[in-house]
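Me: Could you take a close look at one part of this model for me, the helical core and the helices that build it? I'd like a connected account I can follow with the structure open beside me.

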Amino acid sequence: KGGVPRGGRIYSTGVGQQDHTIGWGHALTVAEKKAAGLSSGGGKNDSLSNAPFATIYGIKVTYHPDWEGISNSEAQTILEGDWKKFTRLVNKEGFALTQYEFDSLVHFIYNVGSVPSSIRLLINDGEYDKVPAKMMEYNCAGGRCGNRGLINRRSREILVWNGEYPN
């Protein structure tokens with residue numbers, strides 16, 4: 001299931017190269033940004049930098065007020081496509097994981113973009129018990145660590161890693 005429905009508009013967190021998202025967290029590709037009339041890099045030079053903002057999961061996001069956006073159905077289709085992509089990435093690693101560890105890792109890399117080398121090493125060395133603490137280190141946004149929204153997200157991923165699926 002997705003995250004926070006965002007009215008189908010493009011949001012910019014102003015964080016890194018994947019700062020524009022749509023639907024339930026889909027990071028826009030360079031081609032998608034170009035098609036939407038956005039700069040490929042985002043950030044302060046972007047046309048969205050002076051747009052109204054909202055706070056979602058503790059991150060200040062701006063939105064493009066003139067764009068119609070996408071439907072929930074389209075957002076769901078994008079989410080399913082992204083989920084397949086990240087499932088393939090985890091499968092490609094060849095990790096020996098339980099179903100709940102697999103699900104947790106797919107969700108985690110959906111949010112961070114790839115399997116971090118530090119987590120890859122822990123899994124390959126059989127140090128599964130150390131993975132949750134390493135996942136929790138990924139709680140920074142906009143140059144600030146301790147982001148409450150990301151801590152909550154990591155906590156849910158860790159619950160799944162440990163075999164408990166939250167509601």
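Reply: Happy to; here is a walk through the helical core, one helix after another.

Keep in mind that this is a predicted model. To set the scene, the protein has 6 helices and 5 strands, and from the N terminus on its elements run β-β-β-α-β-β-α-α-α-α-α. Of its 167 residues, 35% count as buried. Among contacts with a separation of 6 or more, 49% are between residues 24 or more positions apart. The protein exposes about 9,700 Å², and carbon and sulfur atoms supply 50% of that area.

Now for the core itself. The largest nonpolar core holds 18 residues, and those touching the most other members are Leu105, Ile109, Ile119, Ile123 and Val131. Five helices each supply at least two residues of this core: α2 (72-93), α3 (99-112), α4 (117-124), α5 (131-136) and α6 (148-161). The largest share, 6 residues, comes from α3. Leu105 is a good place to centre your view: leaving out residues up to four places away in sequence, Leu105 touches Val90, Phe95, Leu97, Ile119, Ile123 and Trp161.

Stay with α3 for a moment, where two residues make a nice contrast. Ser104 lies in this helix and counts as buried, because its relative accessibility is 1%, under the 20% cut-off. Apart from neighbours within four places in sequence, Ser104 is in contact with Met135, Glu157, Ile158, Val160 and Trp161. One of these partners, Ile158, is 54 residues away along the chain, yet the C-alpha atoms of Ser104 and Ile158 are separated by 7.0 Å. Gln99 is also found in helix α3, but Gln99 is exposed, since its relative accessible area of 53% is over the 50% cut-off. The side chain of Gln99 is joined to that of Asp103 by a polar contact of 2.7 Å. Across to α6, the C-alpha atoms of Gln99 and Val160 are separated by 9.4 Å, with their positions 61 residues apart along the chain.

On the α2 side, you can pick out Arg88, which lies in that helix. Arg88 counts as exposed because its relative accessibility is 54%, over the 50% cut-off. Arg88 and Val106 are 18 residues apart in sequence, and their C-alpha atoms are 9.0 Å apart in space.

Next comes α4, which shows its two faces clearly. Its buried residues are Ile119, Leu122 and Ile123. They cover an arc of only 95° around the axis, so they sit on the same side of α4. The general background is that an α-helix has 3.6 residues a turn, so residues three or four places apart point the same way. The buried residues of α4 pack against α3, α5 and α6. On the face turned away from that buried side you will find the exposed residues Ser117, Leu121 and Asn124. After the helix comes Gly126, with a positive phi near 75°.

That leaves α6, the helix I'd finish on. Its N-terminal end is capped by Asn147, which places a side-chain oxygen 3.0 Å from the backbone nitrogen of Gly149. The length of α6 can be checked too: at 1.5 Å a residue, its 14 residues should span 20 Å, and this agrees with its end C-alpha atoms, which are 20 Å apart. Buried in α6 are Gly149, Leu150, Ile151, Arg153, Arg154, Glu157, Ile158, Val160 and Trp161. The buried residues of this helix pack against α3, α4 and α5.

Within that list, Arg154 deserves a zoom of its own. Arg154 is part of helix α6, and it counts as buried because its relative accessibility is 2%, under the 20% cut-off. Setting aside neighbours within four places in sequence, the contacts of Arg154 are Phe108, Asn111, Val112, Met135, Met136 and Tyr138. Beyond the end of α6 you reach Gly163, whose phi is positive, near 95°.

To tie the tour together, try loading Leu105 with its partners, which include Ile119, Ile123 and Trp161. From there, go on to Ser104, whose contacts include Met135 and Trp161, and then to Arg154, which is in contact with Met135 as well as Phe108.

Notes:
Residues are numbered from 1 along each chain as its sequence is written. This is a predicted model: local features need pLDDT of at least 70, side-chain atom pairs count only at pLDDT 80 or more; totals for chains, interfaces and linings use all residues. Side-chain values use heavy atoms; hydrogens and water are left out. A nonpolar core is a set of buried Ala, Val, Leu, Ile, Met, Phe, Trp, Tyr and Cys residues joined through side-chain atoms within 4.5 Å. Buried means under 20% relative accessible area, exposed over 50%, partly exposed in between (1.4 Å probe, protein chains only). Helices (H or I, at least four residues) and strands (E, at least two) are DSSP runs, numbered from the N terminus. Contact means heavy atoms within 4.5 Å. The arc is that of the directions from the helix axis to the C-beta atoms. The expected span of a helix is 1.5 Å times one less than its number of residues. A polar contact is a pair of N or O atoms within 3.5 Å; within protein, one must be able to donate a hydrogen and the other to accept it, and residues adjacent in sequence count only if both atoms are side-chain atoms. Accessible areas come from the Shrake-Rupley method with a 1.4 Å probe; for residues, only the protein chains shown count as cover.
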